[in-house]
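Trainee: I would be grateful for a close look at a single part of this structure. Please treat it in one connected account.

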Amino acid sequence: MAKKGIVMSGMRPTGRLHLGNYYGALEKWIELQDEYECFFGVADWHMLTTGYENTARLNEDVRDMVLDWLTAGLDPEKCVFFRQSFVPQNAELTLLLGMITPISWLENNPTYKEQLQELGKTKLSKALEGAGVISKEIRQKVAQAPLEAIKPDPKKNRLELRTSGFLSYPVMQTADIAVYGAGLVPVGQDQLPHLEISREIVRRFNGVYGDVLVEPKPIVTQNRKVPGIDSRKMSKSYGNGIDLFETVDSLSPKVMDMYTDPMKIRKDDPGHPEGCVVFAMHKLYSDFADRREVECKAGQIGCFQCKKDLLGSMDGPFAEFREKRAKYDKPGLVEEILEAGSAKARDSAEATMERVRKAMNLR
Ligand code: SF4
């Protein structure tokens, strides 16, 4: 069957994936791989834009993440997995796009400003925790505080985060997409502004050099939002995640710790399942979620039993994932897949770069 178009997406290698990564992106990727020509990248250069100071675990994190991709159902026979840093053409296009991208576009990028503050908060509070100045609990509270409540040391902040690489990450993101001729990028509604800046950069490039690059369009996905165990967005930096491949022993305390309706104290108190993390998970894992909603509202079930039932529902799928992952966890397999995928990615990127160099009279 002819594929419908070229799709590109990527993830920063942050090690093992959590349920938020799966339901927020991976689930959609798995669906897209059958219908489109897909390039899925391990965005290791992007990781450096905010985490350049510590690369000791980078290769391990890349391996863990790709193993999770495979286990979840991404198939290297159907799509291209590659490592961003194995495709030098991507860096070349980043450099060339940087020539035509006004700095004001980057400085006014709302995501840049927001991330700068968010990272300032996280890094500052992590450093204080590491130095024993604040506890983990306080660090988590700092991470939850509104952005304007935190004022990181501007000097430190400037030194650590205001790098040219971080400022110009939208340029690299544009190159990531354009170098593969990708016309489609899966994004959630809230990520549309991220793609808009790439579309603007491509339009500007084409305006100067002719119709060379494909202007990417979004495939807007209705991703299933999964809350972290404390009801905030699931995120590694908040420490509130559930990894895709938890064991029974590691999953149990997390489920028992999940945020529930604070007004439901006794079993027969009528509950409010909306906003309850346990209920959100039941909707993903239990075939009795509808009944549970009724029981909760009617005060016919207590939260302790409800959590135990959730553990029962999650146990099967998690055990299946673990078993599957063990099969893929063979020495050299991930590296082989990434090498082969990156070779295909380089071929595609080189074809684009030949057109780009020609249009710019670089050869
Ligand atoms: S009974 Fe279940 S759904 Fe209702 S509040 Fe408690 S944990 Fe949540």
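Mentor: The account below concerns helix α13, the loop that follows it and the ligand shell. The model is a predicted one, and the description should be read accordingly.

Helix α13 covers residues 277–285. Seven of its nine residues are buried, so the helix is largely enclosed by the rest of the structure. The buried residues are V277, V278, F279, A280, M281, H282 and Y285. Their packing partners are three helices, namely α1 (19–35), α14 and α15.

The loop between α13 and α14 (289–297) contains S286. This serine has a relative accessibility of 8%; because buried means under 20%, S286 counts as buried. Its side chain forms a polar contact of 2.7 Å with the side chain of S313. Apart from neighbours within four places in sequence, S286 is in contact with M281, L310 and S313. Of these, M281 is itself one of the buried residues of α13.

Helix α13 also takes part in the surroundings of the ligand. The shell consists of T260, D261, K264, C276, V278, F279, C296, I301, C303 and C306. Both α13 and α15 (303–328) supply at least two residues each to this shell. V278 and F279 belong to the shell, and both are listed among the buried residues of α13. In terms of class, the shell has seven nonpolar residues, one polar residue and two charged residues. The space that the ligand takes up is the largest cavity.

In summary, α13 is largely enclosed and contributes to the ligand shell, while the loop after α13 holds the buried S286.

Technical notes
Residues numbered from 1 in each chain as written. Predicted model: local features only at pLDDT ≥ 70, side-chain atom pairs only at ≥ 80, totals over all residues. Heavy atoms only, no water. Helix = DSSP H or I, 4+ residues; strand = E, 2+ residues; numbered from the N terminus. Buried < 20%, exposed > 50% of the residue type's maximum accessible area, 1.4 Å probe, protein only. Polar contact = N/O pair within 3.5 Å; in protein donor to acceptor, adjacent residues only side chain to side chain. Contact = heavy atoms within 4.5 Å. Near = heavy atom within 4 Å. 1 Å grid on protein atoms, 1.4 Å probe; cavity = no way out; pocket = protein on both sides within 12 Å on 5 of 7 lines; lining within 4 Å. Sits in = over half its atoms within 2 Å of the grid points. Nonpolar A, V, L, I, M, F, W, Y, C, P; charged D, E, K, R; others polar.
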